[in-house]
Amino acid sequence: MAQYDVVIIGGGPGGYNAATRAGQLGLKTAIVEGRGKLGGTCLNVGCMPSKALLHASEYYDAAAGGEFAKLGIDVKPTLNLTQMMAQKADSVEALTKGVEFIMKKNKVEYVKGWGRIDGPGKVVVKAEDGSEKVLETKNIVIATGSEPTPLPGVTVDNAGRIVDSTGALSLPAVPKSLIVVGAGVIGLELGSVWRRLGAEVTVVEYLDRIVPGTDTEVATAFQKILTKQGFKFKLGAKVTGASDKGKQAELTLEPVAGGPAETLQADYVLVAIGRRPFTQGLGLETVGITPDKRGVIANDHYKTGVDGVWVIGDVTSGPMLAHKAEDEAVACIELIAGKAGHVNYDIIPGVIYTKPEVATVGKTEDELKAAGVAYKVGKFPFLANSRAKINHETDGFVKVLADAKTDRILGAHAVGPNVGDMIAEICVAMEFGGSSEDVARTCHPHPTRSEAFRQAAMGVEGWTMQA
């Protein structure tokens, strides 16, 4: 029976970062993963493969849709979907092998198989051949991540016409038509991939808006941009059923507010209504842990309430984001090692990697109004940004929200080119308790799109200039 300081169940961004930090701190560590490859959903069937397809499809769309011609580059592209999928797979393979290397470098034992807790201090790992191995440990970190949330009345079969995000990453051909159920991050990103490659995309959403939780003004502008790109939206619509008809899928829906039912047909239906914590077969009952009705395992500074059992990432509270899991991983392991571990949940950015991107951090205007917080707003459109104009990327704007009395930045929200990278500037400013004036008086290189963030910060006090 192997003895460890820490055993981590789950090899995703939370798990492998926890293992890395544990190894760095000299803790004897094992990481358990049943997928056969490290990296979890993010590296294997989530963040990374989707970004590989988003990147490739952007180039194809630019060449086929006239953007290249506008720049004086005349081409007639031919889509090679097989190669596009192959480069995606190659990139993912390189990343997963890179994580394995990091484990070896930090003296972390990688145990292949599905892990389950078998009472205090014990993790049983079932290998692919059915054999079992018992790991004895002082600390167990649950980092099992999440899985696509099922839609009642709809059976997802990734081999057929009704798919989830995993299936949508590997369609055998570009569909003529695609229905996306859910106007959240995953649905809009994957919808963008197939829209660029030639599919007609219709998004069905239960709510009366897209990307719930984001700033309403940004979401409204974003929907207009996507509509201009060819997306069709059916908002306030409840899905009542879906069926695979062989050559097509059929979706039935009805207005949430009441009214006649409607039937839609498409080559594929992508169900992307969110994700839920993955705890199946984890043996939580053997240590007295009971998730809530959503499947979330509660935590108090990553402690589950059971001595020696910790939890991080998608399986616990907070946004289901890889970078949130990574931060929790480091904090959790540092607490185990007797150090101070902390995550500032007020400053966790979110990004939608469409074109243009959407990026957000901190409070939205909706939240500040609801809380009765006095605030000021600074906004700047990319239409007035020199670099965006030159690059023909003028859709969108940046918004900075600051406390009306102290000028401390409370949040920032943007839709525009590469805002997912640039939002980090605001995150750093907020982490240091910075004001809008701090950003406004920080010299930015010209001409860059980052100047839009500076100009929005200037706008808080009403001295925006053209950039």
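Is Phe231 buried or exposed? In this predicted model, Phe231 counts as buried because its relative accessibility is 3%, and a residue is called buried under 20%. Phe233 has a relative accessible area of 18%, so this residue is buried as well. The two phenylalanines also belong together in another way, for the structure holds one aromatic pair. The ring centres of Phe231 and Phe233 are 6.0 Å apart and the ring planes meet at 15 degrees, so the pair is described as stacked. The cut-off behind that word is an angle under 30 degrees.

Aromatic rings appear in two further contacts, this time with charged side chains. Lys28 sits over the face of Tyr4, 5.2 Å from the centre of the ring. In a similar arrangement, Arg161 is placed over the face of Tyr268, with 4.9 Å to the ring centre.

It helps next to see how the chain is annotated. An unreviewed UniProt entry lists residues 4–329 under "domain: FAD/NAD(P)-binding". Across residues 4–329, helix makes up 32% of the chain and strand 26%. The C-alpha atoms at the two ends of this span are 18 Å apart. The UniProt record, again unreviewed, also carries the annotation "domain: Pyridine nucleotide-disulphide oxidoreductase dimerisation" for residues 348–457. Here the span is 34% helix and 28% strand, and its end C-alpha atoms lie 19 Å apart.

Attention now turns to empty space. Rolling a probe the size of a water molecule over the atoms shows where such space is left. The second largest pocket holds about 960 Å³. It is lined by 29 residues, and those closest to the pocket centre are Glu67, Lys355, Asn391, His392 and Glu393. Two or more lining residues come from each of helix 3 (47–64), helix 4 (67–70), helix 7 (185–196) and helix 8 (216–229). Among these contributors, helix 3 gives the most, with five residues. Sorted by class, the lining of this pocket has eleven charged, ten polar and eight nonpolar residues.

Enclosed space can be described in the same spirit. How many cavities of 30 Å³ or more does a search of the whole structure find? The search finds one. The largest cavity has about 50 Å³ of space. Its lining is made by Pro148, Ser165, Ile186, Val271, Ala272, Gly274 and Arg275. By class, four of the lining residues are nonpolar, two are polar and one is charged.

Helix 8, already met in the pocket lining, also contains Gln229. With a relative accessibility of 24%, Gln229 counts as partly exposed, because the value falls between the 20% limit for buried and the 50% limit for exposed. Gln229 and Arg195 are 34 residues apart along the chain, and their C-alpha atoms are separated by 8.5 Å.

Several details of the backbone are worth a visit too. Lys355, one of the residues closest to the centre of the second largest pocket, is joined to Pro356 by a cis peptide bond with omega about 0 degrees. Pro356 belongs to the loop between strand 18 (350–352) and strand 19 (357–362). Another cis peptide bond runs from His446 to Pro447, with omega near 0 degrees. The loop that holds Pro447 lies between helix 13 (436–440) and helix 14 (451–460).

Positive phi values in residues other than glycine add two more points of interest. Asp407 has phi near 70 degrees, and its place is the loop between strand 21 (397–403) and strand 22 (409–416). How does Asp407 count at 11% relative accessibility, as buried or exposed? Asp407 counts as buried, because 11% is under the 20% limit. Asn418 has phi near 55 degrees and is found in the loop between strand 22 and helix 12 (419–431). For Asn418 the relative accessible area is 29%, so this residue is partly exposed. Strand 22 thus borders both loops: the loop of Asp407 and the loop of Asn418.

Methods
Residues numbered from 1 in each chain as written. Predicted model: local features only at pLDDT ≥ 70, side-chain atom pairs only at ≥ 80, totals over all residues. Heavy atoms only, no water. UniProt positions renumbered as here; feature names shortened; annotations may be inferred. Helix = DSSP H or I, 4+ residues; strand = E, 2+ residues; numbered from the N terminus. 1 Å grid on protein atoms, 1.4 Å probe; cavity = no way out; pocket = protein on both sides within 12 Å on 5 of 7 lines; lining within 4 Å. Points joined across faces, edges and corners; volume = space filled by probe spheres on them. Nonpolar A, V, L, I, M, F, W, Y, C, P; charged D, E, K, R; others polar. Phe/Tyr/Trp six-rings, centres within 6.5 Å; stacked < 30°, edge-to-face > 60°. Buried < 20%, exposed > 50% of the residue type's maximum accessible area, 1.4 Å probe, protein only. Lys NZ or Arg CZ within 6 Å of the ring centre and 35° of its normal.
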